Every structure is written in structure tokens, then in C-alpha cells.
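Me: I'm new to this one and keep tripping over the labels. Can you show it to me and then explain what earns each label?

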Amino acid sequence: MFPLGSAPFPGAVIPLHIFEPRYLQMIDECVEQDLGFGIVLIARGSESGGGEDRFDIGTHVVVEEMGRLPDDRRL
């Protein structure tokens with residue numbers, strides 16, 4: 001699950017900036033295996049660093065396009 005401060009709607013494009021190691025691994029595995037992943041809305045807390053409270057229902061998303069920056073972040 002990828003926690004965010006906003007919830008995606010069906011058909012929406014969600015530009016993500018992936019930089020935490022656990023999510024870099026997750027997104028790479030999703031792309032390599034042609035899988036989607038879940039985005040869940042944060043009820044309370046921060047988008048980075050962990051420790052947030054999440055809502056119980058999320059949205060399944062797929063990666064349509066991904067870029068890599070020189071410092072290994074993903075866009």
C-alpha cells in the first residue's frame with residue numbers, strides 16, 4: 001500500500017514522486033511484474049516517514065509510465 005494525502009478517482013492520472021527505499025522497491029517490482037498497487041488515503045499523519053493512520057479502503061492503480069532521475073528517484 002502506498003499512503004497519500006489525497007485519494008485517486010477512477011480514470012485519474014496520479015503523478016507520483018517515489019523516493020523512500022521501501023516504495024522504490026515496491027514500484028520497481030510492480031513494473032517488472034506488470035502489477036498494480038494500492039493507494040490508501042492517510043487519515044492522520046505525514047506522507048513520508050511512516051507512522052501515519054490510514055483509512056480502511058484504498059484504490060488499485062497501475063503504472064502507465066515511469067521515469068528515473070539521476071539520484072534513482074522515480075517519477
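Reply: Sure, let's start in the sheet: Phe37 stands opposite Val61 in S3. Keep in mind that this is a predicted model, where local features need pLDDT of at least 70, side-chain atom pairs count only at pLDDT 80 or more, and totals for chains, interfaces and linings use all residues. Residues are numbered from 1 along each chain as its sequence is written, and side-chain values use heavy atoms, with hydrogens and water left out.

Me: How do you know how confident the predictor is in the protein chain?

Reply: From pLDDT, its confidence in each residue on a scale from 0 to 100. The protein chain averages 88, and 96% of the residues score at least 70. Confidence is lowest in strand S1 (residues 2–4), with a mean of 86, and highest in helix H1 (residues 21–32), at 93.

Me: What makes something a strand or a helix here?

Reply: Both are DSSP runs, numbered from the N terminus: a helix is a run of H or I with at least four residues, and a strand is a run of E with at least two.

Me: And what makes S2 and S3 a pair?

Reply: Two strands pair if DSSP finds at least two bridges between them. Strand S2 (residues 37–44) and S3 have six bridges, in the antiparallel sense, so they pass that rule.

Me: Why do S1 and S3 stand at the edges?

Reply: The sheet is open, with three strands in the order S1-S2-S3 and mixed pairing. S1 and S3 (53–61) each have a single partner strand, so one side of each has no neighbour in the sheet. On average, neighbouring strands of this sheet are turned by 35° against each other, direction ignored.

Me: Why is Asp34 called exposed?

Reply: Exposed means over 50% relative accessible area, buried means under 20%, and partly exposed is in between (1.4 Å probe, protein chains only). Asp34 comes in at 71%, so it counts as exposed. Asp34 sits in the loop between H1 and S2 and has a positive phi of about 55° although it is not a glycine.

Me: Why is Asp72 only called partly exposed?

Reply: Asp72 has a relative accessible area of 38%, so it is partly exposed. This residue, in the segment after S3, has a positive phi too, about 80°, without being a glycine.

Me: How do you know that Arg44 and Asp53 form a salt bridge?

Reply: The rule asks for a side-chain nitrogen of Lys or Arg within 4 Å of a carboxyl oxygen of Asp or Glu. Arg44 and Asp53 come to 3.1 Å, N to O, so they qualify. Arg44 is exposed at 57%, while Asp53 is partly exposed at 36%. By this rule the count comes to seven salt bridges.

Me: Which other pairs make the list, and what are their distances?

Reply: Among them, Glu20 and Arg22 meet at 3.1 Å, N to O. Glu20 is buried, with a relative accessible area of 14%, and Arg22 is partly exposed at 39%. Arg68 and Asp28 make another, with their closest N and O atoms 3.3 Å apart. Arg68 lies in the segment after S3 and Asp28 in helix H1, so this pair ties together parts 40 residues apart in sequence. Arg68 is exposed at 52%, whereas Asp28 is buried at 15%.

How values were computed
Axes fitted to C-alpha atoms, helices over the stretch in contact; angles between N-to-C directions.
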